[in-house]
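Biologist: Please take one part of this model and describe it closely. I should like to know what surrounds it, and how those surroundings connect to the rest of the chain.

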Amino acid sequence: MTTAHWSTLDTRIGPFTAIVAADGAVLASGWTSDVDSLHSIVSPSLRAGQLRRTRDLGEVTTAVRRYHAGEFDAVDPIPVRQRAGEFLAHAWDVLRSVPAGKPVTYTELAALAGRPDAVRAAASACARNACALFVPCHRVLRISGAMGGFRWGVDVKRWLLDHESDG
């Protein structure tokens, strides 16, 4: 049985929980204190058989604190692990290259991922992203500049974008 560790930190916009594999890769994360709900969005093939709460997730905890303090690149080197089809996995990698303070549209994300006509697939990559913050799907907007959806709420997305543009 595999074991993953989790921790919830208080941030300026509410609780942030991360679930981390034994090797330090983030399996899921987001602005919630509901670890069971968060665990349910992990790909079934990666889902741990046992979750163990820990106070500190080491580099992951440090990166989350540094990000919320304004060091936006602190989350960049943290490994993540998600499973899906080839395009979604590639789109998640591409999302990790979108710099803080420079959001893109779903159309631009599709083009950056090499499939300019796959706008819906790009939106799906954002919707199915289990590793919020580390795979910054909050940096994707509608073509009109509107927020669009966000698993953790539009208010959280707006705060993150404002935080990154002010930094």
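Modeller: A polar contact, as used here, is a pair of N or O atoms within 3.5 Å; within protein, one of them must be able to donate a hydrogen and the other to accept it. The model is a predicted one. The part chosen is Gln-82, which sits in the loop between α2 and α3.

Gln-82 has a relative accessibility of 17% and therefore counts as buried, since the limit for that class is under 20%. Its side chain reaches the backbone nitrogen of Ala-130 at 2.7 Å. A polar contact of 3.1 Å also links the side chain of Gln-82 with the side chain of Asn-129. With neighbours up to four places away in sequence left aside, the residues in contact with Gln-82 are Leu-46, Trp-92, Arg-128, Asn-129, Ala-130, Cys-131 and Val-135. Several of these names lead to other parts of the model, and the description follows them in turn.

Trp-92 leads to a pair of helices. Helix α3 (residues 86–95) packs against helix α5 (residues 119–127) at an angle of about 70°, and their axes are 9 Å apart. The two helices are therefore roughly perpendicular. On the α3 side, Trp-92 is joined in this packing by Phe-87, Leu-88, Ala-91 and Leu-95. The α5 side supplies Ala-121, Ala-122, Ser-124, Ala-125 and Cys-126. Trp-92 is thus named both in the α3–α5 packing and among the contacts of Gln-82.

The cysteines come next. No disulfide is present in the structure. For Cys-126, which is in no disulfide, the nearest cysteine sulfur belongs to Cys-137 and lies 5.4 Å away. A disulfide would require sulfur atoms within 2.5 Å. Cys-126 counts as buried because its relative accessibility is 10%. Cys-131, one of the residues that Gln-82 contacts, is likewise in no disulfide; the nearest cysteine sulfur, again that of Cys-137, is 9.7 Å away. With a relative accessibility of 0%, Cys-131 counts as buried.

Further along the chain, another polar side chain may be set beside that of Gln-82. Arg-139 is placed in the loop between α5 and β6 (140–141). Its relative accessibility is 4%, so Arg-139 counts as buried. The side chains of Arg-139 and Glu-164 are joined by a polar contact of 2.9 Å. Beyond four places in sequence, the residues touched by Arg-139 include Tyr-67, Phe-72, Val-98, Pro-99, Leu-161 and Glu-164.

Arg-47 offers a contrast in exposure. This residue lies in the loop between α1 (35–39) and β4 (50–53), and its relative accessibility of 32% makes it count as partly exposed. A polar atom of the Arg-47 side chain lies 2.6 Å from the backbone oxygen of Val-42, and the same side chain reaches the backbone oxygen of His-39 at 3.3 Å.

The loop of Gln-82 starts from α2, and that helix leads to the sheet. Helix α2 (residues 59–68) lies across β1, β2 and β3, at about 25° to β1. The sheet is open and has four strands in the order β3-β2-β1-β4, with mixed pairing. Its edge strands are β3 and β4, each with a single partner, so each has one side without a neighbour in the sheet. On average, neighbouring strands are turned by 20° against each other, direction ignored.

Strand β2 (residues 14–20) is largely enclosed by the rest of the structure, because six of its seven residues are buried. It runs antiparallel to β1 (residues 3–11), with seven bridges between them, and Trp-6 stands opposite Ile-19 in β2. A hairpin of two residues joins β1 to β2, and Thr-11 stands opposite Gly-14. Four bridges pair β2 with β3 (residues 26–30), also in the antiparallel sense; here Val-20 has Val-26 as its bridge partner. The hairpin of β2 and β3 has five residues between the strands, and Gly-24 takes a positive phi near 95° in it.

Methods:
Residues are numbered from 1 along each chain as its sequence is written. This is a predicted model: local features need pLDDT of at least 70, side-chain atom pairs count only at pLDDT 80 or more; totals for chains, interfaces and linings use all residues. Side-chain values use heavy atoms; hydrogens and water are left out. Buried means under 20% relative accessible area, exposed over 50%, partly exposed in between (1.4 Å probe, protein chains only). Two strands pair if DSSP finds at least two bridges between them. Axes are lines fitted to C-alpha atoms, for helices over the stretch in contact, and angles run from 0 to 180 degrees between N-to-C directions. Angles under 35 degrees count as roughly parallel, over 145 as roughly antiparallel, 65 to 115 as roughly perpendicular and the rest as oblique. Contact means heavy atoms within 4.5 Å.
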